[in-house]
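Before reading on, please take a moment to look over the sequence and turn the model around. The report below goes from the whole chain to a few chosen residues.

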Amino acid sequence: MTPTRRQQRRFAFQLVYALSFGQNPSKDVLAASFDNFWAEEETDMDREQSYAWILTEGVFEHREALDNIIAGHSRHWKLERIARVELAILRLALFELLHMPDVPAKVVINEAVELAKDFGDDNSGTFVNGVLDAVARENGR
């Protein structure tokens, strides 16, 4: 079975979120964690060819820059005060928004808002939408 991009985004979000509780992992730890969870997905797709890996790896390679963007666009919120769920969603969506130009901005934002509704609190979708919309407009997307 080949998972859809939506399923792979959800998987990437869950892994980014889970790994946010530790220190920034090495590439080997990231790959091992990914492979461990990916095996449970019952897919014939290799890690390297999966959209989930592209997103997960991209978030960890660009984490500092992504966090700087989040900090610059989340008014009245310090990065440390943003819930881990929203932070993981924003990191993932910002990577996709800024580094995956083939994916329309509206799709990225919609998918992120849906993740926020599913995993966050009542205000998560609005917060995520506001940050992503501002970044998209700023970047001409």
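What follows describes the overall fold, then one helix, and then four individual residues.

**The whole chain**

This is a predicted model, and every value given here was computed from it. The protein contains 7 helices and 0 strands, so that, read from the N terminus, its elements run α-α-α-α-α-α-α. A compact globule of 141 residues would have a radius of gyration near 14 Å, and because the protein has 14 Å, it agrees with that expectation. The C-alpha trace spans about 40 × 30 × 25 Å along its principal axes.

Of the 141 residues, 46% count as buried. Among contacts with a separation of 6 or more, 72% are accounted for by residues 24 or more positions apart. The accessible surface of the protein comes to about 7,800 Å², and carbon and sulfur atoms hold 48% of that surface. The protein has 16 positive and 23 negative charges, and the mean positions of these two groups are 7 Å apart.

**A mostly covered helix**

Helix H3 covers residues 51-61, and 9 of its 11 residues are buried. Among these buried residues are Tyr-51, Ala-52, Trp-53 and Leu-55, as well as Phe-60. The buried residues of H3 pack against H1, H2, helix H4 (63-73) and helix H5 (84-99).

**Four residues compared**

The table lists the relative accessibility of four residues, together with the class that follows from each value.

| Residue | Relative accessibility | Class |
|---|---|---|
| Gln-8 | 4% | buried |
| Arg-9 | 6% | buried |
| Ser-20 | 10% | buried |
| Arg-75 | 72% | exposed |

The cut-offs behind these classes are under 20% for buried and over 50% for exposed. Gln-8 therefore counts as buried with its 4%, whereas Arg-75 counts as exposed because its value is 72%.

Gln-8 lies in helix H1, and a polar atom of its side chain lies 2.9 Å from the backbone nitrogen of Ala-52. Ala-52 is itself one of the buried residues of H3, and this polar pair therefore joins a residue of H1 to one of H3. Leaving out residues up to four places away in sequence, Gln-8 touches Pro-3, Trp-38, Met-45, Ser-50, Tyr-51 and Ala-52.

Arg-9 also lies in helix H1. Not counting neighbours within four places in sequence, Arg-9 is in contact with several residues, including Tyr-51 and Leu-55, and both of these belong to the buried residues of H3. Other contacts of Arg-9 include Leu-92, Glu-96, Val-103, Val-107 and Glu-111. By contrast, Ile-69 is 60 residues from Arg-9 along the chain, and the C-alpha atoms of this pair are separated by 20 Å.

Ser-20 is placed in the loop between helix H1 (5-19) and helix H2 (27-38). The side chain of Ser-20 reaches the backbone oxygen of Tyr-17 at 2.6 Å. When neighbours within four places in sequence are set aside, Ser-20 is in contact with Arg-84 and Arg-91.

Arg-75 is found in the loop between H4 and H5. Arg-75 and Ala-18 are 57 residues apart in sequence, and their C-alpha atoms are 26 Å apart in space.

Key:
Residues numbered from 1 in each chain as written. Predicted model: local features only at pLDDT ≥ 70, side-chain atom pairs only at ≥ 80, totals over all residues. Heavy atoms only, no water. Helix = DSSP H or I, 4+ residues; strand = E, 2+ residues; numbered from the N terminus. Rg over C-alpha atoms; globule rule 2.2 N^0.38 Å. Buried < 20%, exposed > 50% of the residue type's maximum accessible area, 1.4 Å probe, protein only. Contact = heavy atoms within 4.5 Å. Areas by Shrake-Rupley, 256 points an atom, 1.4 Å probe, with all protein chains shown as cover. Lys, Arg positive; Asp, Glu negative; His and termini not counted. Charge placed at Lys NZ, Arg CZ, Asp CG, Glu CD. Polar contact = N/O pair within 3.5 Å; in protein donor to acceptor, adjacent residues only side chain to side chain.
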